[in-house]
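Trainee: I'd like to learn how to read a protein model, feature by feature. Could you walk me through this one?

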Amino acid sequence: MSRIGNNPVAIPEGVTVEINDNIISVKGKLGELTQEFSGVSVKVEDGQAFVTRPSDSKEHKAKHGLYRSLITNMVDGVSKGWTKELELVGVGYRASNQGQKLDLALGFSHNIVFNIASEVKVETISEKGKNPIVKLTSHDKQLVGHIAAKIRSFRSPEPYKGKGIKFVGEILRRKAGKSA
């Protein structure tokens with residue numbers, strides 16, 4: 001039994017949820033998101049969205065929890081928004097942005113210039129004595145996570161000194177170096 005799928009999705013004030021055929025659209029103060037769904041049915045009643053499945057087959061159980069989580073993420077995104085923060089750990093690692101262009105100096109011979117989608121707001125924080133931080137904010141959780149993962153892939157953290165791009169609050173598994 002899907003415990004996640006059985007929970008109703010609370011819809012806050014200022015957020016509207018519409019269902020047309022197999023497409024659910026959520027509108028709020030931060031934007032609009034749409035998602036196609038199949039294998040389940042979605043109903044909106046009394047400020048809550050309910051996801052139900054037609055049978056107890058393995059595929060329907062999986063989609064039951066999946067679409068309930070996706071709808072929750074959409075509702076939270078258009079009302080509160082999603083934020084990911086990346087920390088650049090390493091000597092000489094720098095980040096700056098001009099509009100939607102993120103300029104990263106990560107120890108390669110050339111800087112990496114990364115164009116970020118217009119739906120995502122990018123901000124760089126550089127304080128003396130602290131590691132630079134890249135802050136990504138948007139109403140679309142999937143897009144923020146995808147862009148954050150792409151930025152992290154330019155220089156993922158290594159296990160010995162921890163140099164690289166890591167998520168703020170991420171705990172890295174460290175290895176001992178050579179013992180002489």
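Mentor: Sure, let's start where two parts meet. About 560 Å² is buried between domain 1 and domain 2, and carbon and sulfur atoms give 55% of that area. Buried area is the accessible area (1.4 Å probe) that two parts lose on being put together, summed over both. On the side of domain 1, Leu33, Asn73 and Gly77 supply 57% of the area buried against domain 2, more than any other three residues. Before we go on, this is a predicted model: local features need pLDDT of at least 70, side-chain atom pairs count only at pLDDT 80 or more, and totals for chains, interfaces and linings use all residues. Residues are numbered from 1 along each chain as its sequence is written, and side-chain values use heavy atoms, leaving out hydrogens and water.

Trainee: Where do domain 1 and domain 2 lie along the chain?

Mentor: Domain 1 covers 9-80 and domain 2 covers 82-167; such bounds come from an automatic or database domain assignment. Their C-alpha centres lie 31 Å apart. Contact means heavy atoms within 4.5 Å, and 10 residues of domain 1 are in contact with five residues of domain 2.

Trainee: What should I look for in a nonpolar core?

Mentor: It is a set of buried Ala, Val, Leu, Ile, Met, Phe, Trp, Tyr and Cys residues joined through side-chain atoms within 4.5 Å. Buried means under 20% relative accessible area, exposed over 50%, and partly exposed in between (1.4 Å probe, protein chains only). The largest one here has 20 residues, and Leu104, Ile116, Val134, Leu136 and Ile151 have the most contacts inside it. Strands S7 (82-89), S9 (101-105), S10 (112-115) and S12 (133-138) and helix H3 (141-153) each supply at least two residues of this core. H3 gives the largest share, four residues. Those labels are DSSP runs numbered from the N terminus: helices (H or I, at least four residues) and strands (E, at least two).

Trainee: Which residues does Ile151 touch?

Mentor: Leaving aside residues up to four places away in sequence, Ile151 touches Leu86, Leu102, Leu104, Phe114, Ile116, Leu136 and Ile165. Apart from that core lies another, of 18 residues, among them Val17, Leu33, Ala49 and Val75.

Trainee: How do I read a strand's side chains?

Mentor: In a regular strand the side chains alternate between the two faces of the sheet. Take S12: Val134, Leu136 and Ser138 point to one face and are buried, while Ile133, Lys135 and Thr137 point to the other and are not.

Trainee: And what about strand pairing?

Mentor: Strands of a sheet pair through backbone hydrogen bonds, either parallel or antiparallel. We count two strands as paired if DSSP finds at least two bridges between them. S7 and S12 pair in the antiparallel sense over six bridges, with Glu85 opposite Lys135. S11 (residues 121-125) also runs antiparallel to S12, joined by five bridges, and Glu123 stands opposite Lys135 too.

Trainee: Which strands stand at the edges in the sheet S1-S6-S5?

Mentor: That open sheet is antiparallel. S1 (9-10) and S5 (41-45) stand at its edges with a single partner strand each, so one side of each has no neighbour in the sheet.

Trainee: Is His60 buried or exposed?

Mentor: His60 counts as buried, at 18% relative accessibility. His60 is found in helix H2 (residues 58-79).
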